Amino acid sequence: MSETNIVSPLRQRMIEDMTARKLAAHTQRSHLHSCKRFAAWLKRSPDTATPDEVRQFQLHLIESGTSICNRNRIMTGVRFLFRVTLRRHDLATEVWHIKEPERLPPVLSPEEVKRVLTMATSLKARAMLTLAYGCGLRSSEVVRLRAGDIDSEQKIIRIVQSKGRKDRHVMLPREVLDLLRQWWKVRPSAYDAGVAPEHRWLFPGRSDHRPLTTRQFGRLFKEAAKAAGLRKTVSLHSLRHSFATHLLERGRDIRVIAALLGHDRLETTARYSRVAIGMIAKIESPLDTLSTPRRRPTRRDREEPPAP
């Protein structure tokens, strides 16, 4: 794990262990970076660490102001090294995770979403942002869409091997289909040679046979959000949060919403009920009943016998 041009045997073995377990490329990079950070603090190879040093490193991360999210991410990579590659369970047991504070996901109102989509800086940006909100897609799912994933006859979009290596279907709104057809006519085709039509990226990137990156997509959202005059702190993922919340407010079954989002656990989807402002605002408070005068029973009410 040291800073050398030659891949150390330990690093190579860890890469092989992660590849064998089919960890995603970004997960592998994160784990390697975490172990490099631990080695830099330790000033020697991680396989020589002691349980007390693992404990001290975690205290160092906390004291240095590392966020809970980043601290947990770093220690997840270090624990993989200890538990899987080194088989040092005595070290792995010294790794603890801190519970992250539960925060409500940032959600846009329907009017704010409409402003963002209207202020998109280009046809490409509008098509991508409309996909993200209209179908509840993650940014990585939007940029990885291929022409063959769009089924206009059945009015569905196939999401292939997304988070958790799962496939799923989402609806294909008419407006989204119209935007995609407009975009396809002007879409750059410089890298289409030799690629079957159904395998071509809907949103090709600047390099050969690669799609647009999520970072570039995020910039398109920021530009549209700024032009729309949004003052709240939101991200591209807020469109997905808004999709789920707005469906919930309209009375859609939470199990259907979970399937559209690709959630395995209903508890994950249920958190949107805490930000469904439309639903919350319609709930009648018991305070309202206090201000409503109670009707006194009349003589007729007292004389009428109870129903059999």
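**Sheet, cores and a few odd backbone angles**

Ser162 sits in strand β2, and in this predicted model that makes a handy place to start. The residue is buried, because its relative accessible area is 9% and the cut-off for burial is under 20%. Its side chain isn't left without a polar partner, though: a polar contact of 2.4 Å links the side chains of Ser162 and Glu141. Once neighbours within four places in sequence are set aside, the contacts of Ser162 are Arg138, Glu141 and Arg168.

Arg168 also turns up in the sheet itself, as the bridge partner in β3 of Ile159. The two strands involved, β2 (residues 156–162) and β3 (residues 166–171), run antiparallel and share five bridges. They form a hairpin with three residues between the strands, and there Gly164 adopts a positive phi near 80 degrees. On the other side of the pairing scheme, β1 and β2 are also antiparallel, this time over two bridges, with Ile150 standing opposite Ile157 of β2. Put together, that gives an open sheet of three strands in the order β1-β2-β3, with antiparallel pairing. β1 (150–151) and β3 are the edge strands, each pairing on one side only. As for what holds such arrangements together, strands of a sheet pair through backbone hydrogen bonds.

Ile157 leads on to the nonpolar packing. The largest nonpolar core has 51 residues, and those touching the most other members are Leu129, Leu131, Ile157, Phe203 and Phe217. Strand β2 is among the elements that each supply at least two residues of this core; the others are the helices α6 (110–118), α7 (123–135), α8 (139–143), α9 (174–186), α10 (214–227), α11 (238–249) and α12 (254–261). Helix α7 gives the most, with eight residues. A look at Leu129 shows what that packing involves: leaving out residues up to four places away in sequence, it touches Val116, Leu117, Ala120, Phe217, Leu220, Phe221, Ala224, Leu236 and Leu239. Phe217, one of the well-connected members just listed, is thus also a direct contact of Leu129. There is a second, separate core as well, this one of 22 residues, including Val54, Val78, Phe80 and Phe82. The general background is familiar: in soluble globular proteins, nonpolar side chains tend to be buried together.

Back towards the start of the chain, helix α3 (residues 51–63) holds His60. This histidine counts as partly exposed, since its relative accessibility is 30%. Its C-alpha atom lies 9.2 Å from that of Trp41, a residue 19 positions away along the chain.

Two loop residues are worth a quick check of their backbone angles. Most residues other than glycine have a negative phi. Lys43 isn't a glycine, yet its phi is positive, at about 65 degrees. It belongs to the loop between α2 (25–42) and α3, and it counts as exposed because its relative accessibility is 76%. Arg87 does much the same sort of thing: its phi is positive, near 55 degrees, and again the residue is other than glycine. Arg87 is placed in the loop between α4 (68–85) and α5 (89–92). With a relative accessible area of 56%, Arg87 is exposed too.

Technical notes:
Residues are numbered from 1 along each chain as its sequence is written. This is a predicted model: local features need pLDDT of at least 70, side-chain atom pairs count only at pLDDT 80 or more; totals for chains, interfaces and linings use all residues. Side-chain values use heavy atoms; hydrogens and water are left out. Helices (H or I, at least four residues) and strands (E, at least two) are DSSP runs, numbered from the N terminus. Buried means under 20% relative accessible area, exposed over 50%, partly exposed in between (1.4 Å probe, protein chains only). Two strands pair if DSSP finds at least two bridges between them. A polar contact is a pair of N or O atoms within 3.5 Å; within protein, one must be able to donate a hydrogen and the other to accept it, and residues adjacent in sequence count only if both atoms are side-chain atoms. Contact means heavy atoms within 4.5 Å. A nonpolar core is a set of buried Ala, Val, Leu, Ile, Met, Phe, Trp, Tyr and Cys residues joined through side-chain atoms within 4.5 Å.
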